[in-house]
Every structure is written in C-alpha cells, then in structure tokens.
Amino acid sequence: MSVETCPLLVGGEWKTPSGRETTPVYNPSRGEIIARVPLCGAEEVDAAVRAATAAFPDWRETPPAERAQVFFRLKAMLEDEFDALCLGISREHGKTLAEARGDLRRGIEVVEYACGAPTLLMGESLENVARGIDCHTDRHPLGVVSGICPFNFPALVPMWMWPLAIVCGNTFILKPSEKVPLTMHRVVQLLEQAGLPAGVMNVVHGGRECVDAILEHPGIEAVSFVGSTPVARIIHRKGTAAGKRVQAAGGAKNFAVIMPDADVENTVAGLRDGAFGCAGERCMASSTAVAVGEAGERVLPSLVEAVNAMDVGPTDRAESQPSMGAVITGEHRDRIRSLINAAEKEGNDVLTDGRATEVAEAPDGFYVGPTVVDHVEPGHTLLKDEVFGPVLTVTRASSLEDAIAQANRQAFGNGAAIYTSSGKAAREFRHRVSAGMVGINVGVPAPLAFFPFTGWNESFFGDLHIQGREGIEFYTKRKTTTTRWFNFGEGDIWAK
Ligand code: NAD
C-alpha cells in the first residue's frame, strides 16, 4: 500500500471517513511514513455497532459447523499468502521476518482452534436431576463484541480475539493499533473472501476517542483489550462500569532467574532471545535476569559475547535479515535511550550499550542496539517500569529465595522463567513465583492457542483470560434448561 489512508470496514463496505484527522503509520526500519490512519470517534463506532447489530441475528443462527467452515477457508488463504503477510508485518512493525512468521503462525493457530467450534461450544447435560427431570446447559453468543489491540503483534493479538468471538456466533468491532493497522486490513479482506457475511466483522481506527466511544456504546456487550497497564486498568474500570464484560491484558516486567547449575549455552541463548527478540517489544520478554550466587560469573561473559555478535538493521525485505530490527517509533527509541542514560548516571554497569547504534543503510530508522545493564539495585526504575525495548537488566541474588522475593516485589505478573538443572529448584520457583505464566528453561513461556494467556496482578484485569477455553467462556453466556414432561410413563415401556 502506498501512502493511503487506511479505510474502515462497516457493514461490508470499506470506506475512509471524511473530516477526520489522521495519524501516520511508519516503516520503523526506515523511519518513513507508509500510510495514514483516521482517528475515528463516536459517529464511526456507532455506524459499526449498527452494522454488527443488524448482522447478529443471522450469524447467531448459522450452525457452528458452518461458521467453522469460514475459518477453514481463511486458514488456507492465510497459508497461501503467508510470506507476503509476514513481509507486511516486518514492514509496519520493524520486527525480523523470522519474528513476523512467529507472529502470524501463532495467529493462524488460533484460527485452527476456532475451527473446532462444534466441539468447543458443546454444553453439558444430566438426566434425572430429580425423577423424570433433566437439565442441560448450552452456550449462547453475547451479541456485538469488540477488540482493542496494541502495536507489538500486528497479527497475533487481534487474532487472539476475533476468530473465537466470531466462531462463537458474535459479531465484532476490531480496533487495531493505530501504529500497525495494515496487517489486519489485509487479513480482514481475506476473512471476507472466505465467506464471512457482511457486518459480522467491522473495523474502526483511532486512539483514545475511538476507544472511549467503544467503551461508552450501549450496543457493545464485551470488550477484549491488550495494551499497557495504565490503559488496561482504565478500560476495565470504564467498561465494567458501563455494564460490559471486560478482559484487559496489561504490561509486564518478566524476571528470569539463573541458578548456578544452569546449562550455560542454552541459558545464554534463552536470555538473548527472551530479552532481545522483537527488540524487547514483547509482553513476555525476559527483561530482567536475576543471577543467583556464581551464576553471574558463569553466564554473563558468554551472554555479553552473544549480544555483541547481534546485528541490527532493516527487516523490510525478503533477503539478508539482521538479528534484530528497529523499535516502533522515534519517540519510543528516545524514551528507551533516556532510561539507559538515567541508569548509567546512577552508577549501574552498562555492559553492552545500544544507545548510539546507527544503521548506515537506514539512517532514519528507529534503532536502539541490544543493551545489558548489570548490578541494578532493588527498587530501581529499570526493575519496576516496563521498558518495552532491547534492554536486559541484571541483578544479583544470594539464593533462590532472594531471587523469588525480587521477582515478586514488582507489580506485574505476566511471565517468569528459571534456568536450572535442578527439579527441586524449578518446582519451588514454579510454585512460589507470583506470575501467571512460568518457563522452566524456556525464556518466553507464551502459551499456544489452546491454552489461556494467564497473566496475573497488574498484567491482567478481569476474570476470564484471552485464548483457549477461557476465551470461549468469555465470548459466550450459558443457558441452563430444566425439563419435565407431564404424564410421564403413561402407556410407555418405562411405566411401572
Ligand atoms: P497502549 O496501551 O499504548 O495501546 C493499546 C491500545 O489502546 C491501542 O489500540 C491504543 O490506541 C489504545 N489507547 C492508547 N492510549 C489510550 C487511552 N489513554 N485511552 C484509551 N485507549 C488508549 O499499548 P501499546 O504501546 O500499543 O502496546 C504495548 C503494551 O501492550 C505493552 O505494555 C505490552 O506489555 C502490552 N501487551 C500486553 C500483552 C499481554 O498479553 N499482557 C500482550 C501484548 C502487549
């Protein structure tokens, strides 16, 4: 797409709203504007809700197996267009092609999971809850539901939401991140070609005004949100106050504990990929390493060597990919640099320094090189605030207990990892760490489509998590029917 304004999808029609301000979409690898997005408000959201409301009665009556057929066809189309879509993800986000493939592959897995709708939507029943009386529960869609997305997974995060919501019989209003709207633009076009009726999926664009309009609209029954913690908290508060079901996943600060008995080679690879994969812009990034006892001396020199061997550069082409791409905007790059500046001023050891990283062939790209800051003391900003960039903070701990206490002191609770060859240490860590997703010798323990994404503490606001069976539970309400027929047994073979 050239520098065009990304259109909305309302009731099966793609259109660009008139008179709305627009905001730029960048190719972070080059710092170039590649599209613009309209900043919509109440009027566009209302039009989308009206279209979704009109489409709901027919879609909810469409048998689940028939709804699933749309997703079988979509899956085939996504496979056919896989390479082009991944290039598009790298172009609008800056992540490497390998990372873009992971982004889309995980999204396709949710589509595959949604294809199991007839089984996923089955209810429960029990005969003879009392003599001659039977009871069964079944699942019903909620109505019009909405999804609000962050920038860091242009394919996966939106696809955590709408495949499940739609296959459950709901109609949907998607608001992609205004920083990366292009991937979903194409995927939703494919969804239409796969046979989804007009109005079942609608797309609006924008920032806060658009989100507020979604939260305030009485025609929307539920909101799925993924983004930073301050916004997640607001979404949950406003959405539930307006009587909606809300699941709001927030930010993170994930600790990786390195025990002295950890396998050095695998731990170094896990720490490097966990901290610097997707340039650290992952809610499951291992952004803090806690070295227990002599683990620091055993692991850090090899880690620094591995980080120094990484190259940074443009990712917007099929050939010669670097090990790490750009961060999302120039503003975000400057914030990351200033956090490293502050840490250095406060006397922390900057072991590898990505602040001055420049890429000759793409001088305007938004680059920060991989940075490791060591000996950071408890209470430091780098241990409390989410950096969401390629910065690995290292602290030291005297024991596993001390390491768990450090991890549990911060407010988030998305992920945590331990590197060890001791089953006992791993068990103790898994049991006591205050995080909803744990990796044992796995740096980024992000669950696949058939499991829920179970963040805790300040990383999640709501009751039912995104993905897996909790996702199905979130997008449906149950009806429980109790049945008794009179004249039971009259003239039939069961009569006594
Ligand atoms: P963000 O919170 O800035 O934006 C997320 C969405 O909220 C966007 O669609 C944006 O338009 C909207 N928004 C922004 N400010 C708003 C406001 N004041 N009121 C209403 N809506 C607003 O997040 P981001 O920078 O796009 O994404 C990065 C964040 O997402 C990180 O904190 C990351 O940890 C988090 N994240 C969490 C998970 C998870 O599963 N917990 C997954 C991916 C990303």
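Visitor: What makes Ala114, Phe172, Ile173, Met201 and Ile214 stand out in the largest nonpolar core?

Guide: Of the 83 residues in that core, these five touch the most other members. A nonpolar core is a set of buried Ala, Val, Leu, Ile, Met, Phe, Trp, Tyr and Cys residues joined through C-beta atoms within 7 Å. Buried means that 20 or more other C-beta atoms lie within 10 Å of the residue's own, exposed that 12 or fewer do, and partly exposed in between, with C-beta atoms placed from the backbone. This is a predicted model, in which local features need pLDDT of at least 70 and side-chain atom pairs count only at pLDDT 80 or more, while totals for chains, interfaces and linings use all residues. Residues are numbered from 1 along each chain as its sequence is written.

Visitor: Which residues are in contact with Ala114, leaving aside its neighbours within four places in sequence?

Guide: They are Ala68, Phe71, Pro163, Leu164 and Val167; contact requires C-beta atoms, placed from the backbone, within 7 Å.

Visitor: Why does the span of helix α12 agree with its number of residues?

Guide: Helices are DSSP runs of H or I with at least four residues, and the expected span is 1.5 Å times one less than the number of residues. For the 16 residues of α12 (residues 330-345) this gives 22 Å, and the end C-alpha atoms are 23 Å apart, which agrees.

Visitor: How do you know that the buried residues of α12 line one face?

Guide: His332, Arg333, Ile336, Ile340 and Ala343 are buried. Seen down the axis, the directions from the helix axis to the C-beta atoms of the buried residues fall within an arc of 105°, so they line one face. The face turned away carries the exposed residues Glu331, Ser338, Asn341 and Lys345.

Conventions:
Two residues are in contact if their C-beta atoms, placed from the backbone, lie within 7 Å. Helices (H or I, at least four residues) and strands (E, at least two) are DSSP runs, numbered from the N terminus.
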